Amino acid sequence: MQKWPKKRTQYPLIALVFFIFIVFSILYNEINIQEIHSKHTTHHVDDDSSSLANKEDDPFSQSTHTVKNFTLPRIPPVPLDKSSSCHSTVKYSGKRAEWDSFKPEAGDRREMPEACDYFSGEWVFDNSSHPLYKESDCPYMSDQLACHKHGRQDLEYQYWRWQPHYCNLKRWNVTEMWEKLRGKRLMFVGDSLNRGQWISMVCLMQSVIPSDKKFMTPQAHLSIFRAEEYNASIEFLWAPLLVESNSDDPVDHRLSERILRPDSLLRHSSEWMHADILVFNSYLWWRQGPVKLLWSNEENRVCEEIDGVGGMELAMESWANWVDSNVDPTKKVFFVTMSPTHFTKGEWEPGSEGNCYDEKLPINGTYWGIDSDLSTMQMVERTLTRLGSKVNVLNITQLSEYRKDGHPSIYRKFWEALTPERLAGPASYSDCIHWCLPGVPDIWNELLFQFL
């Protein structure tokens, strides 16, 4: 029988051809990719990085860096928090945020709604009309400000009324104030001093609202007191440096260094932009030494160190740009000037030692404390003047300077344990920054009532 030769399979040859085809395809594509890349790199991003910065008003906007035929989306910077740090620190370069320039409004900014200067006057003892509420009657009182509760027996600090020299303040009327706020959001924005003014306003206002018609929502960043029947709220937003910083945690913010983004407001402005009446402050935190600037377009976490006043000026410029761009006649904006401290008794009583501890009376006569920095006041004045009538100024500095008796000193809750050594020297741990309630911040709110 004849045997036919066995036919060889073609599969190995086909696999070899297919393999060679794949290899040549990969090599061809790689060569093309390199050619395309080399062509595009000849049209590189503008070497002048400052020209890019000029296009980036908001660090969280959808800005892009353009290359010839495609765009590279900009990645938003990592938000600052208490764990943020600088990889390195250099001296301040003189850089400023590039905002849309604006022209100062015609006319001067308003410090008063009429011809009277409400901020020039004297303190008058008046135990018939003041205080406007009792400490124990306000369920929202802070232990940091409840001086009588924490042992202060002299209550004269509650009975002083501010009297302008040539006119009278409008008498406080809580119902009228609620009507002014009907359907509106009043928001205080700033540090613990502005939080004290917020608590003061809540205590002034809450008594006429039925218990089942008022609600307090204490949140970490934004606290809200709401009166249902007026569809109104009185709120506080923690923003001690106005711009984004690593100290934006309202509780855990005692840090060894202050890091801020002088060109970024979004974290805070996204909250305050919805309010109808805004009351800002910023000062105390800029008095604690140099700060570090971490610009939003800095990718290597290189910080620039600047003194406190310089840092505050950059933050105020960013804030002023927001006000200029966003405030219209439907929104009212107030800026509260610096709240004075009383740490050096020798300033008002030459030759004496100590501070506000055991002070029971206001200062009589002309007085301006060294801690109220005039250069800072002048910088704030320049910034506010640019905004014209878009901002009303509550100039509380001089009138509060006289009130060395109004601080908690030792009569408050302290969050850290006090050693026997410190307890033996009360002046060593006295709080001469904040204000007892009822007290001085109530007068600030009476002035706000006058403006509204």
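Q: Helix H4 (residues 192–205) packs against a sheet; which strands does H4 lie across, and at what angle does H4 run to S9?
A: First, the terms. Helices (H or I, at least four residues) and strands (E, at least two) are DSSP runs, numbered from the N terminus. Contact means heavy atoms within 4.5 Å. Axes are lines fitted to C-alpha atoms, for helices over the stretch in contact; angles run from 0 to 180 degrees between N-to-C directions. Here, H4 lies across strand S6 (185–190), S7, strand S8 (222–227), strand S9 (232–238), S12, S15 and S16. H4 runs at about 165 degrees to S9.

Q: What kind of model is this, and how are residues numbered?
A: This is a predicted model: local features need pLDDT of at least 70, side-chain atom pairs count only at pLDDT 80 or more, and totals for chains, interfaces and linings use all residues. Residues are numbered from 1 along each chain as its sequence is written, and side-chain values use heavy atoms, with hydrogens and water left out.

Q: What is the strand order of the open sheet of 7 strands?
A: Pairing comes first: two strands pair if DSSP finds at least two bridges between them. The order is S7-S8-S9-S6-S12-S15-S16, and the pairing is mixed.

Q: Which strands stand at the edges?
A: Strand S7 (214–218) and strand S16 (392–394) do. Each has a single partner strand, so one side of each lacks a neighbour in the sheet. From one strand to the next, the twist averages 15 degrees.

Q: How many bridges join S12 to S15?
A: Strand S12 (residues 277–281) and strand S15 (residues 332–336) run parallel and are joined by 5 bridges. One pairing to look up: Asn281 has Val336 in S15 as its bridge partner.

Q: How many salt bridges does a search of the whole structure find?
A: The general idea: side chains of opposite charge can pair when their charged atoms come close. The criterion is a side-chain nitrogen of Lys or Arg within 4 Å of a carboxyl oxygen of Asp or Glu. The search finds 23. Among them, Lys360 and Asp358 meet at 2.6 Å, N to O.

Q: Is Asp248 buried or exposed?
A: Cut-offs first. Buried means under 20% relative accessible area, exposed over 50%, partly exposed in between (1.4 Å probe, protein chains only). Asp248 counts as buried, at 7% relative accessibility.

Q: Which residue does Asp248 form a salt bridge with?
A: Arg267, with the closest N and O atoms 2.6 Å apart. The pair links distant parts of the chain, 19 residues apart. Asp248 is in the loop between strand S10 (244–245) and strand S11 (259–261), while Arg267 is in helix H5 (residues 266–272). Arg267 counts as partly exposed, at 23%. Both belong to a salt-bridge network with Glu244 and Arg261.

Q: How far apart are the closest N and O atoms of Glu179 and Arg182?
A: They are 3.0 Å apart, in a salt bridge. Glu179 is partly exposed at 41% relative accessibility. Arg182 is partly exposed too, at 39%.

Q: How many residues of H10 are buried?
A: The count is 12 of the 12, so H10 is largely enclosed by the rest of the structure. They include Trp444, Phe449 and Phe451.

Q: What span does helix H10 (residues 440–451) reach from its first C-alpha to its last?
A: The expected span is 1.5 Å times one less than the number of residues. H10 has 12 residues and reaches 18 Å, close to the 16 Å expected.
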